[in-house]
Amino acid sequence: MNLRLFLIGCLSTAFCFSQNRKETKRYTLDVSQYYGSVLLHNTDISHLITNHPGGIILGYNRKTYGDEEWQQLYNYPDTGFSFVYQNMNNITLGENYGLYAHYNFYFFRRNLQFRLGQGIAYNTNPFDKNENFRNNAYGSHFLSSTYLMFNYHKENLFKGLGLKAGLSLIHYSNANVTAPNTSTNTMALNVGLTYDLDGGQEREYIRAEKLKVSEPIKLNLAFRSGINESDVVDSGQYAFYIFSAYLDKRFTRRSALQLGTDVYFSNFLKELIRYQSVAFPEYGVQPDDDYKRVGVFLGHELFINKMSVIAQLGYYVYYPFDFEGKVYNRIGLKRYFSDKVYGAISLKSHGAKAEAVEFGVGVRL
């Protein structure tokens, strides 16, 4: 689950909160303290789970009232930015400081708030083979981070003050940009206060008739790239290139289904093949084994304003070198710059094991 969190938002940080026209504005602040436990999602980090981490979450939120159709479709969510401090209470793991873009979604007469935040965190004590070799969770100072909050949320109980309380899940990972990268997930209880900067002044939500969408099947062509490293520490960072072609069919205002193929040129596998052929001859790996892979996938795209969330499940049909299994998944964000051109950032993984953060561009014809 830890890797799927990436994103689900990644990069809301880069693409979030585009607006087309003047809107009614109202802003709130919130502060929450939390205390929890690091989840044992991988036995390799069992030696790091010694104490209960804690910290604070600060949020700055902008209300929406339906000035744009997407706001009405998603029950008038908030957009905002947040800061998260986490003391891991473990000298090996250090402390994390994170900046995020987030959405707040509301349910059950707006009494339940679900926050999805994505950003970048700084860790004070990452892996170092000489000074901190026990920290196999964080391989670098800078980490991708995602957090979720499920809160009972009640604003304006007294002169703009309100309260919130619930559960939080905070994930840190560098997505195999460098090794090691076992990552951590913290499950925590949180409690806090909210404050309306307008003093609790209520405003009316705009409700309009929802229009239907009817689109033909579209062809998408995408190119993705980035750098990553195998799990062998100091094996080196290498560029990868991914070419994708897929069809999508949008059947509601919110959703489209996808079917397509990926072709992978992952240069870190070249080095891993060479390394295994020399260091582990019992594996039967030959130095000239092909590092390329071809996969087919089925996906879903969730449209939110000019952004969308993608989730894809794939299977390698060409797989000459065994690396993490034949099933893979991708989750990420797209930002449309026009009806046809978009940018994307996504996490490609095999189950709970990240392979790479992908930065891409594409066209939808």
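Reader: Let's start with the strand pairing. In S8, which residue is the bridge partner of Leu169?

Author: Happy to start there, keeping in mind that this is a predicted model. Strand S7 covers residues 161–173, and it pairs with S8 in the antiparallel sense over 12 bridges. Within S8, Leu169 has as its bridge partner Met187.

Reader: S8 pairs with S1 as well. Over how many bridges do they pair?

Author: Strand S8 takes in residues 184–196. One pair to look for joins Gly36 to its bridge partner in S8, Ala188. The pairing of S1 and S8 is antiparallel, and the number of bridges is 11.

Reader: And on the S2 side, what is the bridge partner of Leu29?

Author: Strand S1 spans residues 27–38 and strand S2 spans residues 54–62. The two run antiparallel and are joined by 9 bridges. In S2, the partner of Leu29 is Tyr60.

Reader: In what order do these strands close into a barrel?

Author: There are 8 strands in this barrel, and their pairing is antiparallel. Neighbouring strands of this sheet are turned against each other by 25 degrees on average, direction ignored. As a general point, strands of a sheet pair through backbone hydrogen bonds. The order is S1-S2-S3-S4-S5-S6-S7-S8.

Reader: Back to the loop between S7 and S8. Is Ala175 buried or exposed?

Author: Ala175 lies in that loop, and its phi is near 55 degrees, a positive value in a residue other than glycine. For context, most residues other than glycine have a negative phi. The relative accessible area of Ala175 is 2%, and the cut-off for buried is under 20%, so Ala175 counts as buried.

Reader: Which peptide bond is cis, with omega near 0 degrees?

Author: Look again in the loop between S7 and S8, where Pro180 is found. In general, most peptide bonds are trans. The cis bond here runs from Ala179 to Pro180.

Reader: What is the phi of Asn89, which is not a glycine?

Author: Asn89 is found in the loop between strand S3 (78–87) and strand S4 (95–107). With a relative accessible area of 34%, Asn89 is partly exposed. The phi of Asn89 is positive, at about 50 degrees.

Reader: Now the other strands. Which strands run in the closed barrel that includes S9?

Author: This closed barrel has 8 strands with antiparallel pairing. On average, neighbouring strands of this sheet are turned by 25 degrees against each other, direction ignored. The run is S9-S10-S11-S12-S13-S14-S15-S16.

Reader: In S13, what is the bridge partner of Ile304?

Author: Strand S13 covers residues 307–318, and 11 bridges join S12 to S13. These two strands run antiparallel. The partner of Ile304 in S13 is Met307.

Reader: How far apart are the end C-alpha atoms of helix H4?

Author: Helix H4 has 13 residues, 267–279. Its buried residues include Phe268, Leu269, Leu272 and Ile273, and what covers the buried residues of H4 includes strands S9, S10, S11, S12 and S16. At 1.5 Å a residue the helix should span 18 Å, which agrees with the distance between its end C-alpha atoms, 19 Å.

Reader: Why is the pair of Phe243 and Phe265 edge-to-face?

Author: The structure holds 25 aromatic pairs. In this one the ring centres are 6.0 Å apart. Phe243 lies in S10 and Phe265 in S11, so the pair ties together parts that are 22 residues apart in sequence. The planes stand at 85 degrees, and planes over 60 degrees apart count as edge-to-face, so the pair is edge-to-face.

Reader: How far apart in space are Phe251 and Ser277, C-alpha to C-alpha?

Author: Phe251 has its place in the loop between S10 and S11, and a relative accessible area of 43% makes Phe251 partly exposed. Leaving out residues up to four places away in sequence, Phe251 touches Ala256 and Leu257. Phe251 and Ser277 are 26 residues apart in sequence, and their separation in space is 49 Å.

Reader: One last one for a charge model: over the ring of which residue does the charged end of Lys348 sit?

Author: A lysine also lies over a ring at Tyr342, where Lys334 is 3.9 Å from the ring centre. For Lys348, the charged end is 5.1 Å from the centre of its ring. That ring belongs to Tyr328.

Technical notes
Residues are numbered from 1 along each chain as its sequence is written. This is a predicted model: local features need pLDDT of at least 70, side-chain atom pairs count only at pLDDT 80 or more; totals for chains, interfaces and linings use all residues. Side-chain values use heavy atoms; hydrogens and water are left out. Two strands pair if DSSP finds at least two bridges between them. Helices (H or I, at least four residues) and strands (E, at least two) are DSSP runs, numbered from the N terminus. Axes are lines fitted to C-alpha atoms, for helices over the stretch in contact, and angles run from 0 to 180 degrees between N-to-C directions. The expected span of a helix is 1.5 Å times one less than its number of residues. Buried means under 20% relative accessible area, exposed over 50%, partly exposed in between (1.4 Å probe, protein chains only). Contact means heavy atoms within 4.5 Å. Rings of Phe, Tyr and Trp (its six-membered ring) pair if their centres lie within 6.5 Å; planes under 30 degrees apart count as stacked, over 60 as edge-to-face and the rest as tilted. A charge sits over a ring if NZ of Lys or CZ of Arg is within 6 Å of the ring centre and within 35 degrees of the ring normal.
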